[in-house]
Amino acid sequence: MTEKIEFAPLTKKDFVSDQAVRWCPGCGDYAILAQTQKNMPTFGRKKEDFVFVSGIGCSSRFPYYMNTYGFHSIHGRALPIASGVKLANPDLSVWVVTGDGDALSIGGNHFLHTLRRNMDLNILLFNNRIYGLTKGQYSPTSEVGKITKASPFGSLDYPLNPPAVALGSQATFVARTIDRWQSHLASMMERAYHHSGGSFIEVYQNCLIFNDNAFESYTGADKLENVIELKHGEPMVFAKGTKGIKLDGFTPKVVSMDEFSLDDLLVHDETNLDLANIISNWTSHPILPEPIGVIYAINKPTYNEQVDKQIETTIDNIGPGDLEKLLNSGDTWVVE
Amino acid sequence: MPKTTKTLDLAVIRFAGDSGDGMQLTGGRFTDTAAVVGNDISTLPDYPAEIRAPAGSLAGVSAFQIQFSSKEIHTPGDTPGVLVAMNPAALKVHLPELIRGGTIIVNADAFSKKNLTFAGFETNPLEDGSLDDEYIVYSVEMNKMVTHACKGMDLPAKIVLRTRNLFALGILYWMYDRPLEPTENWLETKFAKKPEIAEANKRALNAGYNYGNTAEIFTTRYKIEKATLPSGTYRNINGNYATALGVLAAAEKANLKVFYGGYPITPASDILHAMSSWKQFGVKTFQAEDEIAGIASTIGAAFAGNFAVTATSGPGVALKSEALGLAIITELPLLIINVQRGGPSTGLPTKTEQSDLLQAMYGRNGEAPMPIIAAATPGDCFFAAYEAARVALKYMTPVFLLTDGYLANGSEPWKIPSLDKLPDIETNLIDALPDGEESFLSYQRDAETFGRPWAIPSVAGLEHRIGGLEKKDGSGNVCYEPDNHHQMTVIRQEKVNKVVQEIAPTRIIGETSGDLLILSWGGASGTARSATEQLQEEGFAVSHVNLRWINPLPSDLKDILKQFKKVLIPEINNGQLIKIIRAEYLIDAVGYNVVRGKPLRASLLIEKAKEWLG
C-alpha cells in the first residue's frame, strides 16, 4: 500500500490544520506533533489518504491539529474505530494516537485484539505514565507508590509494560522512542509507515504539569548512559561505545568495553521473538539501559488484506453476488 | 377400520422433546412443507439457553410451535391442539398449554422409570389414566419402529434412534395429509455426503407416515386447504434472515458496500452468520472482541464510506450506548439492530420480550435522540431494515431497528419483493467542495433532512475532523459556546423529528373511530391483529393500529387516537410504549402487559379488551 503516486510534493504546512493547539506550554506532545507534520510529506502520499484516529486524553486531541481526515472519538475506542476505517478502505494510511490510559486501561481489550489480528494500523502510544486530562491520577504505567490526588498514600498497582503486552498480543511491529529524541522519533514513524501490519510505537512523553521529568534520565545530560538504541544486526553498545550488553545464559548483563570486544556482545535481531521478549523486559530496569528503537518487526499477512482476499476468492469461485437470485433461493412457490 | 377426513381452517401443533431430539429441525421441516402446500403459517421456536442440558431434564426441553391455516393468520397460535412429546419432560413442560380435548402423541419408549422420575412424574401418565379423560393420547413405540424401519442398514443403534423425530414427523404428515417429497429432497441435500443417514431418516419418515395410515388407532385425518394469499413468488422466512437480506438490499440499492461489525449474542447471532456468508456481495464482517468494538468498528466504517451495521440484543445495546452517542454527535449513518430478549441483565437469552424500547429511546447520556423503527412480523423485518437504512443514509443519523426473539426465530410465508419496486436510497456523499464554499463545512446541513455532507477519507480537498466534542453548527469545529450547544441540541432533536415526513399514513385495521383502539408495536402486532379481528367478528367496535416508527411518531396518530373512546396498548414489558403515548398525547391509555418470555396470547388480550368494551 505504499506505492508512490505522482502529485505536487507536500510540505509540513500542508499538514497543519487551522485549529489552535491547546496543549499546555512545554508539553511533549508539541514535539511529536511537529515531527509528525514534518514526516508525513516525506512518505510521498496524498494528504487525503491519511486518517488520524484518537480516543480521549491529552494526546487524543492530536487529530484536530493535523490537516488530514481525523476522528477524535471516545475513551479507549480509537483502535476499533480505526479498524473499521481501515477495513472499509484499506488504501488509507490509518494512524491511531492514544495514551497510556486510553490504550492500556479503558481500551486495553482493544489493544490486545487489534495487535493479534495484525490490523494494518500505525499506533502511536504517548506514554506519560499519568492521567493528564483528568488532572493527575496514576495510570496503568505509573510506577508503584505514585503519589497523586487519587493515591495520596501512594499507588498500589504494578505497572504494565507496553512492549511486553504488545509482544504477548502477537504484534508484528514493536518499537519505542522518546519525544525529545526527534530524529529517532522520525525514523520510528517512517519504519511504522512502511511496515505492513499493525505497528506499535511507544513514545515516552513528558507531562510537564502532572509528571514532569518522568523520563529525565533518558532525555537529560546523561541520557546516553541510560538509553540503548537498538539497531538491527548490530552489537548492543551504549554510553558512547563504552558499555555493552552481553547475555549470561538468558540474563542480560551490562559489561565494560574495556574488558570485552564487540564480538562478545549481544547482537540485535529484530526478527527474533525470544530476543524481543528479553529486551522488552528491560523497561525501567534498575541496572539495564532503557531500550529504544525497533524491538521486533516481522512480516505476516494482515487482517485487512485477508478480508479482501476472502471476498476476491469467493467472487472468483462463485461469481459476484446476485441479490435477485439470493432472494429467490431455497424452497419457493408461486401463488397465482 | 375406515378412516375419515375432516377439513379444518387452521391447526396449531407443537413438537417438544429433549434438546438433542431435533425438535427445531422437525418443526422447520413441517413449516417448509406447510408453506409449499400453500398454507399461511406462523411459527414459534422455543428452545432453552443451555446447549445440551442433561438428557431428559425439564430444563433441556426444546419446542417448536406452528399454526397453519387456509386463512390469513397473524400469530403462531395461543395454545396447541396437538402436542408431540418425545419424552416425559417434554410432556410435563408443555401439557399445561395443550387445549382440553387436544391430541398427544408420545414416544412411549422414552417413558422409562428413570426419565419419568427425572421429569417429576410419580407414576407413568401413559398408564395411570390421568390423561385419558381430557386428551386423546397416542402412545407409540417410536424407538422400536425406527429400529425396525432401518433393519439391515448396518447402522449403529444410536444413529438409528436419532431418526425418531422424522418418524414423529411422518405421523403428523399423515394426519394432515402432507406430501413427503419436500422433506425427502431436503434430507438428500442435507446428507449428500452421508447417503446412509439420508436413507435412514427417509425410512423413518415413511414408516411414521405408513404407521398413521395403517395403525388402527388413528381414525381421523385433517385437511387444511391452501390459503388465499396475494399473488407472487413466496418463500418461508424467519426474522433474522429477513433482516440480513433487508440490509443487503439497501446497500445494493444505495450502491454501497456493507460493513457489519458485531459480537455474537443470542438471539441476534444469525444476522452475523448470514452476513458473513455473503462474501460474493463484498460484505465485510468483523467479529469484534466485544460489543463496544463491534459498534466502534461500524462507526469507523461509516466514516470511511461503508453502509455500516451492527446487530445485538439488549445487554449488547447497554455496552454500545456510549458509542451510539458518538454516532449521534458525529451524525454518521448507521444501522443498529436490537433483537430484544428477556431481561434485565442476562435475563432470558432465548426468549422474547419488548422491554428495550425505552432503552432505545433514552438509554444514552445527554440529549441523544435517534429514530426508532420496529418490525411487525418475521417477513416485515426485511422492509423495516430497508427502511431504517434508507433513513440513516438520507438523514445522516444512526437508526435503531427493534425486532425480538420471536420475530427473529419465528417464520412465515414471505412474498419475495421485486428489487426495482423498493424505494430509491439517497446518500449525502460528496466528492468535491460544494459551490460557493471556500473551505469545507462538514456540518452544513440539507434544509429538508438536516443531513450533513458525507465526505469520506480519500476525497481531496474535504479533509476534516469529527469527534465526540460539541460541534460548531456549519463548520463542525469543536465549539464550547453556550448558545451553540443549545442550538445543536435542538438541531439533533429536530433532525429526528424531520423523519416524520418519511412515514406513510397510518393504516387502521377496522373503522377509523370506535369504542376501542388496540395500539401495538413490534412483535405484539400479530396478537393485536388476531384479537382485533375476533372482536370485530363478535360485533365490537374495535380497531387496530400497529406502530412502525416510534421515534418520531406518525403525524396522523394524534387525530386517530382521538376517535376512540379507549386506547389499549399490549406489550411484552411493564408498559413502555404506553408511557410515550401518554406523555405525547395526554391520553388515558391502558396497558395489557404480560412478561413471560413468550408472545402475548390473543385470547387473553380479547378478555382484557372486553373489560373496556363492557
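Two residues are taken to be in contact if their C-beta atoms, placed from the backbone, lie within 7 Å. With that in mind, welcome to a few close-up views of this predicted model.

**View 1. Helices α9(B) and α14(B) pack against each other in chain B.** Here, residues 239-254 form α9(B) and residues 380-395 form α14(B); the two helices pack at an angle of about 40°, with their axes 7 Å apart. Their crossing is right-handed. On the α9(B) side, look for Gly239(B), Ala242(B), Thr243(B), Leu245(B), Gly246(B), Val247(B), Ala249(B), Ala250(B) and Ala254(B). They meet Cys381(B), Phe382(B), Phe383(B), Ala384(B), Ala385(B), Tyr386(B), Ala389(B), Arg390(B) and Leu393(B) of α14(B). Sorted by class, the residues of this contact are 14 nonpolar, three polar and one charged.

**View 2. Helix α1(B) is largely enclosed by the rest of the structure.** This helix covers residues 23-37 of chain B. Its 15 residues, at 1.5 Å a residue, should span 21 Å, and the end C-alpha atoms are indeed 21 Å apart, so expectation and model agree. Because 11 of the 15 residues are buried, α1(B) counts as largely enclosed. Among the buried residues you will find Met23(B), Arg29(B), Phe30(B) and Val36(B), along with the glycines Gly27(B) and Gly28(B). Thr26(B), Thr31(B) and Thr33(B) are buried too, as are Ala34(B) and Ala35(B). Just after the helix comes Gly38(B), whose phi is positive, near 105°.

**View 3. Domain 1 of chain B touches domain 3 of chain B.** The domain assignment of chain B places domain 1 at 4-224, domain 2 at 235-421 and domain 3 at 514-613. Taken over C-alpha atoms, the centres of domain 1 and domain 3 of chain B are separated by 35 Å. Six residues from domain 1 of chain B and eight residues from domain 3 of chain B take part in their contact. The domain 1 side of chain B is made up of two nonpolar, three polar and one charged residues.

**View 4. Chain A meets chain B.** Chain A brings 51 residues to this contact and chain B brings 58 residues. On the chain A side, at least two residues each come from β2 (69-72), α2 (78-88), α4 (108-117), α10 (303-318), α11 (323-327) and β12 (332-335). If you are looking for a place to start, try α2(A), which gives the largest share of that side, eight residues. By class, the side of chain A that touches chain B holds 23 nonpolar, 19 polar and nine charged residues.

Conventions
Residues numbered from 1 in each chain as written. Chains lettered and ligands numbered in written order. Predicted model: local features only at pLDDT ≥ 70, side-chain atom pairs only at ≥ 80, totals over all residues. Helix = DSSP H or I, 4+ residues; strand = E, 2+ residues; numbered from the N terminus. Expected span 1.5 Å × (residues − 1). Buried ≥ 20, exposed ≤ 12 C-beta atoms within 10 Å, placed from the backbone. Axes fitted to C-alpha atoms, helices over the stretch in contact; angles between N-to-C directions. Left-handed = near helix turned anticlockwise from the far one by under 90°. Nonpolar A, V, L, I, M, F, W, Y, C, P; charged D, E, K, R; others polar. Domains from an automatic or database assignment.
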